[in-house]
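Me: I would like to go through this protein by question and answer, with the reasoning set out at each step. Please begin once the structure is in view.

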Amino acid sequence: MPTSPSLAPSPPSVPRAVRDRRADLVVVVAALILAVWVTSGLWRDPNGRAITVNSSDQALFEWLLAFGGHAVTHGENPLFTYLINVPDGVNLAVNTSITVYAVVFAPLTYLIGPPATFLVILTLNLAATALAWYWLLSRQFGLSGLAAGVGGLFVGFSPGMVSHANAHLNWTAGWLVPLLIWRVFALRRPESRLRNGVILGVLVAVAFSIAAEGLFFTALALGVFVAVWALHPATRAEARAVLPGFLGGLGVTAVTAGVLLAYPLWLHFAGPQRFHGTGFDPVIHSEDIAAYGAWPSRSVAGEAGLDTPLAPNPTEENSFFGFPLLVLTVACLVLLWRRATPGRRATLWALGVVAVTFTVLSFGPVAKIDGRRIDLPLPFDLLGELPVVNAALPARLALVVAPVIGVLLAYAVDQLRADPPRRRPARLAWGAGFAVALLPLLPTPLLTVAREPIPRFITSGTWTEYVSPGGVLTPLPLTLDVYPDGQRWQAHALAHRQGEFAIPAGFFLGPGGPDGRGQIGPPRRLLSDLMDQAGRTGLVPIITTGTIDVVRADVRHWRIETLVLADEVHGAKWPVDEDAIRRTATVLFGEPQRVDDVWVWRVRQD
């Protein structure tokens, strides 16, 4: 399989260390500056600010960091927990458990808290993605520092990466992709096949822990690339020669990853609280065809008002390359193709097939153009029900296209440096093309907002006096994706070693959706619905003696000992009326007790 020689120029005569040292420094500084710039709104107050458009996912990842570190340091199972969704628990193997991050950063989480650790990882993810791609392009593919820098920085801060920086620690871990590519291509070498297979197997296990969906997409993309490259007439003989050893290395990889992931995979496919597919509609979560030529919201163009609402939400602007970049990419492909050897054309052909394949698949089961659905059969309609594929959101397949564009841009820059256009107008046209295509995509900071503080009742440890060790305490409203306070409170208690309290419900993916699919949170119960209704509308719901009987059954089901209402409740999607919740809870449970800065109802279990 190609390690890149089919595209890479001849190595320069200057020693690599001398050639790359200055470029390395420039790219490292640029990547760090851009990463801090994008996340700067959170750096103002890591523990007091949240990402405006996705504070619920931020709270979830903070909880995962706190719980994962606590589980490992206390000898508990990091992939299944009964601390949320009492009494059924949550299978974290079918959620995004980020166990590797939780373990590696556990000391930092205990030192500075989950919110600040979340911010550190998010910032490092963005910078590391750009640097990993720069390293792959420069060190493994032999491109110049300028070319590799353009490609690496584009991929690391592409519209999809910046969009997912709205709290997704899994999708922003794009640094895994170039490492996987590097180790897959290393399998073609006959020497150290066992060692290379083991290394790739370990890397696959790490990637599964951090971003299983991203690992799946990477495997699909590499499979398409290798298959197309191997079948090309110019490279067919080379592929046939290395195929036996390559397959042997993949076998070692499969065994290594299988051993490391045996338990997580069992939990994922056969464990308790598993589900098939997700509760997300693939039609809604598919890429609009027009989105590929649109501008992203968190960019210079977006700040100028050129963005368009074609994504299902602001965290899913997975393409949004802008029309000028699409034109530039085609021009780069033509430039490279015209000057390519047959071997290079095989690689270009494989890259093009990958880009087109994943672009078409990202359109989902039903085509949309500028928000209008079109009766056009699409491949995802046939593939979407396959196992594993049915758990993927088609729009995210567009994320594979960004690295292809970055690689083509990098190789075009290197080609232009090695053989610049002879005419000045042509040189100016290329320079203007890169500027017009890339400058509007420069990222702008994520939108952030001050979030409600964790109550002193929790931070001071007073809660330990109102719930038995490991007992159930619930905030009001009950914890859901739109009300993430319960997991924020629990994360604080775990990270500050105050002890454990469990909560009913929670923000997670679990069974209960239609046709055996998953859904966010547990099946709804009356107590949760009443508190949600009061918080949304500001009105006390109609409550009868029958209502109270059902609510008491809910309390027994969840084994709740204490209910807590903070003065300020964080609503991830809308403001919450705390007074209406307090009045509703008073009707259900009697007058509350004022403790520190919260209202407390103690419940006697019959």
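Me: Is Trp135 buried, partly exposed or exposed?

Reply: The model is a predicted one. Buried would require under 20% relative accessible area, and exposed over 50%. Trp135 has a relative accessible area of 28%, so its class is partly exposed.

Me: Which residue forms an aromatic pair with Trp135, and what is the geometry of that pair?

Reply: A search of the whole structure finds 14 aromatic pairs. In one of them, the ring centre of Trp135 lies 4.8 Å from that of its partner, with 80 degrees between the planes. Planes over 60 degrees apart count as edge-to-face. The partner is Trp182, and the pair is edge-to-face.

Me: How many residues apart in sequence are the parts that the pair of Trp135 and Trp182 ties together?

Reply: Trp135 belongs to helix α6, whereas Trp182 belongs to helix α9 (residues 176-186). Trp182 is partly exposed, at 27% relative accessibility. Because the two rings sit in these two helices, the pair ties together parts that are 47 residues apart in sequence.

Me: Why are Tyr263 and Trp266 separated by about one helical turn?

Reply: The two rings form a stacked pair, 6.2 Å centre to centre and with 20 degrees between the planes. An α-helix has 3.6 residues a turn, so residues three or four places apart point the same way. Tyr263 and Trp266 both lie in helix α12 (residues 262-270), and the separation of about one turn follows because they are three residues apart.

Me: How are α15 and α17 oriented, roughly parallel or roughly antiparallel?

Reply: Helix α15 (residues 342-362) and helix α17 (residues 401-418) have axes 9 Å apart and pack at an angle of about 150 degrees. Angles over 145 degrees count as roughly antiparallel, so α15 is to α17 roughly antiparallel.

Me: How many nonpolar, polar and charged residues make up the contact of α15 with α17?

Reply: From α15, the residues involved include Leu348, Leu351, Val354 and Phe358, and they meet residues of α17 including Val404, Val407 and Leu408. Arg344 and Thr359 of α15 and Gln415 of α17 also take part in this contact. By class, the count is nine nonpolar, two polar and one charged.

Me: What is the handedness of the crossing of α6 and α7?

Reply: The axes of helix α6 (residues 114-140) and helix α7 (residues 145-156) come within 7 Å and cross at roughly 145 degrees. On the α7 side, the contact includes Gly145, Gly149, Gly152 and Gly156. By class, its residues are eight nonpolar, seven polar and no charged. As α6 passes α7, the crossing is right-handed.

Me: How many of the residues of helix α20 are buried?

Reply: Helix α20 (residues 485-495) is mostly covered. Its buried residues, among them Asp485, Arg488 and Trp489, pack against α3, α5, α6, α19, β7 and β10. The number buried is 11 of 11.

Me: Phe320 and Arg497 each have a positive phi; which is buried and which is exposed?

Reply: Most residues other than glycine have a negative phi. Phe320 has a phi of about 50 degrees and lies in the loop between α13 and α14, while Arg497, with phi near 55 degrees, is found in the loop between α20 and β8. Their relative accessibilities are 0% for Phe320 and 62% for Arg497. The buried residue is therefore Phe320, and the exposed one is Arg497.

Technical notes
Residues are numbered from 1 along each chain as its sequence is written. This is a predicted model: local features need pLDDT of at least 70, side-chain atom pairs count only at pLDDT 80 or more; totals for chains, interfaces and linings use all residues. Side-chain values use heavy atoms; hydrogens and water are left out. Axes are lines fitted to C-alpha atoms, for helices over the stretch in contact, and angles run from 0 to 180 degrees between N-to-C directions. Helices (H or I, at least four residues) and strands (E, at least two) are DSSP runs, numbered from the N terminus. Angles under 35 degrees count as roughly parallel, over 145 as roughly antiparallel, 65 to 115 as roughly perpendicular and the rest as oblique. Contact means heavy atoms within 4.5 Å. Ala, Val, Leu, Ile, Met, Phe, Trp, Tyr, Cys and Pro count as nonpolar, Asp, Glu, Lys and Arg as charged, and the others, Gly among them, as polar. A crossing is left-handed if the near helix is turned anticlockwise from the far one by less than a right angle, and right-handed if clockwise. Rings of Phe, Tyr and Trp (its six-membered ring) pair if their centres lie within 6.5 Å; planes under 30 degrees apart count as stacked, over 60 as edge-to-face and the rest as tilted. Buried means under 20% relative accessible area, exposed over 50%, partly exposed in between (1.4 Å probe, protein chains only).
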